[in-house]
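Student: Could we go through this one together? I'd like to know what stands behind each label.

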Amino acid sequence: MSSTSVTLDLPDGRVLRAHASSADQDAGVVVWHHGTPQSGALLAPVVDAAARRGLRVVSYGRPSYGGSSPRPGRDVASAAADVRAVLDAFDVPRAAFVGASGGGPHALACAALLRDRATAVVSIAGLAPFDGFDWAAGMASDAALRAAGAGRAARAAVVEDDDVEWFVDADLAALEAAWAALGADAGPAGAAWPDGVVDDDVAYAQPWGFSPADVRVPVLLVHGGRDRVVPASHSRRLLELLPDAQLWERPHDGHVSVLHALPVAFDWLVDLGL
């Protein structure tokens with residue numbers, strides 16, 4: 001997998017670590033927003049699925065991940081300015097924003113706040129804003145996110161329960177095969193950058209800094225019916241809030257196995273004319 005990685009110096013003194021797959025510079029671009037935790041490095045199944053459709057992938061580590069500077073107190077909306085800098089660095093005028101799990105809200109933020117750069121959004125197993133519905137129903141454990149709603153100090157004090165069964169059998173099979181690269185990245189990322197996990201959770205559970213109603217491009221929501229990390233009710237809630245969205249539910253998938261739908265989601269982007 002050939003790629004380019006850069007370290008960007010931002011006006012506020014932070015740095016961002018960003019990555020781009022090698023492809024025709026005129027190819028359509030998808031910006032991959034990683035989940036919690038991840039390093040932001042390019043994942044082979046994402047790049048391979050995109051390349052087969054003539055697409056280029058750009059990715060980056062959110063603050064406190066993968067060599068990117070911390071930004072305590074960040075909200076979901078703050079991703080937009082960082083992504084604008086990444087797009088400028090790779091000379092990308094417009095892109096589709098694709099997020100998995102915790103990457104979903106950040107992809108939506110970029111579409112809402114970078115309207116001049118957005119073509120479409122794909123949110124796979126993504127979270128919804130934590131108001132207006134029972135966001136914890138069906139979640140294997142809501143301890144971390146519920147604490148995050150009380151602030152950063154409360155979230156940082158939570159000790160994760162190793163006995164929680166987050167993944168269903170289909171997820172474990174995916175992590176042993178097609179999506180092994182995700183598991184290989186997530187474990188070390190969580191150990192190396194625990195502040196990233198804390199800041200992510202607080203951003204999800206607090207006001208996002210933008211409204212889903214401000215997303216004016218087409219949105220594809222994809223969710224597994226057996227997801228115990230982010231229940232499918234989150235995508236159903238987003239479907240109510242977004243002006244132009246459709247939802248694909250995959251009843252037999254969990255939080256990771258739903259990523260098997262990514263190639264078809266990329267087909268959807270191509271059909272839109274990305």
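Student: How many nonpolar, polar and charged residues are in the lining of the largest pocket?

Tutor: The lining has 25 nonpolar, ten polar and five charged residues. Here Ala, Val, Leu, Ile, Met, Phe, Trp, Tyr, Cys and Pro count as nonpolar, Asp, Glu, Lys and Arg as charged, and the others, Gly among them, as polar. Before we go on: this is a predicted model, where local features need pLDDT of at least 70 and side-chain atom pairs count only at pLDDT 80 or more, while totals for chains, interfaces and linings use all residues. Residues are numbered from 1 along each chain as its sequence is written, and side-chain values use heavy atoms, with hydrogens and water left out.

Student: What makes something a pocket, and what makes it a cavity?

Tutor: Both come from a 1 Å grid over the protein atoms alone: a cavity is a set of points where a 1.4 Å probe fits but cannot get out, and a pocket is an open set with protein on both sides within 12 Å along at least five of seven lines. Lining residues have an atom within 4 Å of a point. Points are joined across faces, edges and corners, and the volume is the space filled by probe spheres set on them. On that basis the largest pocket comes to about 1100 Å³. Of its 40 lining residues, the closest to the centre are Thr36, Pro37, Trp166, Val197 and Val229. Elements giving two or more residues to that lining are α4 (143-148), α5 (152-156), α7 (180-192) and α8 (194-205).

Student: What is special about the bond between Thr36 and Pro37?

Tutor: That peptide bond is cis, with omega near -5 degrees. Pro37 sits in the loop between β3 (28-33) and α1 (44-51).

Student: And how many cavities of 30 Å³ or more does the search find?

Tutor: One, over the whole structure. The largest cavity has a volume of about 30 Å³, and its lining includes Arg62, Asp75, Asp82 and His106. By class, that lining has three nonpolar, two polar and four charged residues.

Student: How do you know that Ala125 is buried?

Tutor: Buried means under 20% relative accessible area, exposed over 50%, and partly exposed in between (1.4 Å probe, protein chains only). Ala125 has 1%, so it counts as buried. It is found in the loop between β6 (118-124) and α4, and its phi is near 55 degrees, a positive value in a residue other than glycine.

Student: Is Ser64 buried or exposed?

Tutor: Buried, because its relative accessible area is 7%. Ser64 also has a positive phi, near 80 degrees, and belongs to the loop between β4 (55-60) and α2 (79-89).

Student: Why is Thr4 called partly exposed, then?

Tutor: Its relative accessibility is 40%, so Thr4 falls in the partly exposed class. It lies in strand β1 (residues 3-9); helices (H or I, at least four residues) and strands (E, at least two) are DSSP runs, numbered from the N terminus. Contact means heavy atoms within 4.5 Å, and, leaving aside neighbours within four places in sequence, Thr4 is in contact with Ala18, His19, Ala20 and Phe90.

Student: What makes a set of residues a nonpolar core?

Tutor: They must be buried Ala, Val, Leu, Ile, Met, Phe, Trp, Tyr and Cys residues joined through side-chain atoms within 4.5 Å. The largest such core has 53 residues, and Val83, Val86, Phe97, Leu108, Phe210 and Val215 touch the most other members. Helix α3 (residues 103-113) gives the most to this core, with six residues. A second, separate core of 31 residues includes Ala125, Val258, Ala265 and Phe266.

Student: Which residues does Val86 touch?

Tutor: Not counting residues up to four places away in sequence, Val86 touches Leu8, Leu16, Ala18, Val58 and Tyr60.

Student: Last one: why is the chain called as compact as a globular protein of its length?

Tutor: The secondary structure comes to ten helices and eight strands. The radius of gyration is 17 Å, close to the 19 Å that the globule rule gives for 274 residues, so the chain earns that description. The radius is taken over C-alpha atoms, and the rule is 2.2 Å times the number of residues to the power 0.38.
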